[in-house]
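Q: Hey, I've got this one open and don't know where to begin. Can you pick a starting spot and talk me through it?

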Amino acid sequence: MSGEPKILAFGCNWCAYAAADLAGSTRLPYPPSLRLVRVMCSGMVHPNLVLEAFNQGADAVLVMGCHPGECHYRDGNRQAADRLAVVEEMLTMTGLEPERFALVWCSSTEAERFVEAVRRMHQTVERLGPSPLRAPAAPGPEGGGKEAEGCG
Amino acid sequence: MRLRVAGEWLGSCAGCEMALLNLGQTLLDLLPRLEFVHLPVLVDHKYFGPTGAGDPGRLDIPAAEVGLISGHIRNAEHLELARAMRARCRVLIALGTCATHGGIPALANQFSDADILERYYRDGATTDPAPDPDDPVLPPLLSRAFALDEQVKVDLSLPGCPPHPDQIAEAITALLEDRPPRLPSKSVCDTCPTRREGKGAVGQVRRSLRNPDHQAGQPISEMRCLLEQGFLCLGPVTRAGCAGSLGEAPRCLVARTPCRGCYGPVRAAGNPMLDLLNALASNGLDIKSLPDRPGLLRFAGAHGRLMHPSRRAAVR
């Protein structure tokens, strides 16, 4: 595939981001394709943000939060699961593979689980190839027709 | 001097031109200041000269200050017309939701062309054999259905299916007076007088098989919000305007039915399906229980919002 894959992750401050920190301090290697954004809670990640990431050329998006029942804000991760079901639906509508998105629960001590999730998504992207939204639209029979992708 | 107006229709139904005629008295007031130089739906005008003796390689569209285009772009002919209009008009207006967001025809984007042609032209049960749509005399299809602004620069968008005559009048008057037009920018809910009592425990969306609770003869403002009654109303994610400047309530609401979303998204780049599903999911509704989810994009399927994988491949 052309170029290094780009995986964007939204990690919850209390669990997943701390797990990433732990992975770093214990020197666990994981693919450099990851771009990690710290959010206060997985429940605050609007589906718009995820689709915007795809529109900006991300090959995959991960949303990472605390295990069910362990949310710092009681039920933010449950809300995240409800809302992000919308993402899967939207990816199918726009002709993208739903595997490019995943919701991952991992606690602040589970550095291996964090690393494993990133590795697995990296492999998925390598298998699927770059996101079709990233590939520049070739000037086809429509001439200079631009492919404006109007989500979000 | 009169303002020269050119009109053209691409993949559309002529409903937008009907809306133009529905200007009524306003049209009579405006007419002395307008000159329609090209409008094939209503006035005969040949593309290659009156006898067809013109240059067959060049569409003869007279120069105009204002161009009105209704309909979406689906085939090579639409694209050629749209480009010719762009070249000949100083201000180009996308008239109607097909032109601004793809409209109903862009629902085709969720299927592959092969499927559509097979099902409707080759495999469909019929008593009259019809020519195969592969006939070279027909203009070739593009990779998908496009809104106008995906292919040519658009100066002003007037969504609506059809746009309310008040907004067409406002756009034309604003151009005559050389000022920016004042067009609706809020959501249908902002213009809806129904009674809101707070988000209820709507566990499941009701199909429109039964009328909403209301008293016949009572004004719309006496009826409870249809979304709160459990109907899938697209009001929150749809641009206002269907009621015109003097209407009592959004048009579908007047008929006691939920908003269908015909004005397209509130913000031009918004995604009605994403926004509504997110709102429903945040309220604890299982979105998988909704039948016909792509139907939430029934008026806004262009701009890549609806895309069958085969169409993605064609773009690649």
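## Where the helices meet

A: Let's begin with α3(A) and α8(B), which are roughly antiparallel to each other. Their axes come within 8 Å and cross at roughly 155 degrees. Helices here are DSSP runs of H or I with at least four residues, strands are runs of E with at least two, and both are numbered from the N terminus.

Q: What counts as roughly antiparallel?
A: Over 145 degrees; under 35 is roughly parallel, 65 to 115 is roughly perpendicular, and the rest is oblique. Axes are lines fitted to C-alpha atoms, for helices over the stretch in contact, and angles go from 0 to 180 degrees between N-to-C directions.

Q: Is this an experiment or a model?
A: It's a predicted model, where local features need pLDDT of at least 70 and side-chain atom pairs count only at pLDDT 80 or more, while totals for chains, interfaces and linings use all residues. Residues are numbered from 1 along each chain as its sequence is written, with chains lettered from A and ligands numbered from 1 in the order written.

Q: Back to that pair. Is the crossing left-handed or right-handed?
A: α3(A) and α8(B) cross in the right-handed way. On the α3(A) side the contact uses Q79(A), D82(A), R83(A), A85(A), V86(A), E89(A), M90(A) and M93(A), and on the α8(B) side M273(B), L274(B), L277(B), N278(B), A281(B) and S282(B). By class, there are eight nonpolar, three polar and three charged residues in the contact of α3(A) with α8(B).

Q: Slow down, what do those words mean?
A: A crossing is right-handed if the near helix is turned clockwise from the far one by less than a right angle, left-handed if anticlockwise. Contact means C-beta atoms, placed from the backbone, within 7 Å. Nonpolar covers Ala, Val, Leu, Ile, Met, Phe, Trp, Tyr, Cys and Pro, charged covers Asp, Glu, Lys and Arg, and the others, Gly among them, are polar.

Q: What does α3(A) do with α2(A)?
A: Helix α2 (residues 47-55) of chain A and α3(A) have axes that come within 9 Å and cross at roughly 35 degrees. That crossing is right-handed too. P47(A), V50(A) and L51(A) of α2(A) meet R83(A), L84(A), V86(A), V87(A) and M90(A) of α3(A). The contact of α2(A) with α3(A) splits into seven nonpolar, no polar and one charged.

Q: And how do α1(A) and α4(A) pack?
A: At about 95 degrees, with axes 8 Å apart. That makes α1(A) roughly perpendicular to α4(A). A16(A), A19(A), A20(A), L22(A) and A23(A) of α1(A) touch A111(A), R113(A), F114(A) and V115(A) of α4(A).

Q: New topic: what's the strand order in the chain A sheet?
A: β2-β1-β3-β4, an open sheet of four strands with parallel pairing. Two strands pair if DSSP finds at least two bridges between them. The edge strands are β2 (34-39) and β4 (101-105) of chain A, each pairing on one side only. From one strand to the next, the twist averages 20 degrees.

Q: Which residue faces A9(A)?
A: L62(A) in β3(A) stands opposite A9(A). Over on the sheet, α3(A) packs against β3 and β4 of chain A, its direction making about 165 degrees with that of β4(A). Helix α4 (residues 111-128) of chain A lies across β1, β2, β3 and β4 of chain A, at about 165 degrees to β3(A).

Q: How many helices and strands in chain B?
A: Nine helices and seven strands. Five of the strands make an open sheet, β2-β1-β3-β5-β7 (chain B), with parallel pairing. β2 (34-38) and β7 of chain B are the edges, and the twist averages 30 degrees from one strand to the next.

Q: Anything odd in the chain B backbone?
A: The peptide bond from C161(B) to P162(B) is cis, with omega near -5 degrees. P162(B) sits in the loop between β7 (156-158) and α6 (165-177) of chain B. A14(B), though not glycine, has a positive phi near 75 degrees. A14(B) is in the loop between β1 (3-9) and α1 (15-21) of chain B. Most residues other than glycine have a negative phi, and most peptide bonds are trans.

Terms used
Two residues are in contact if their C-beta atoms, placed from the backbone, lie within 7 Å.
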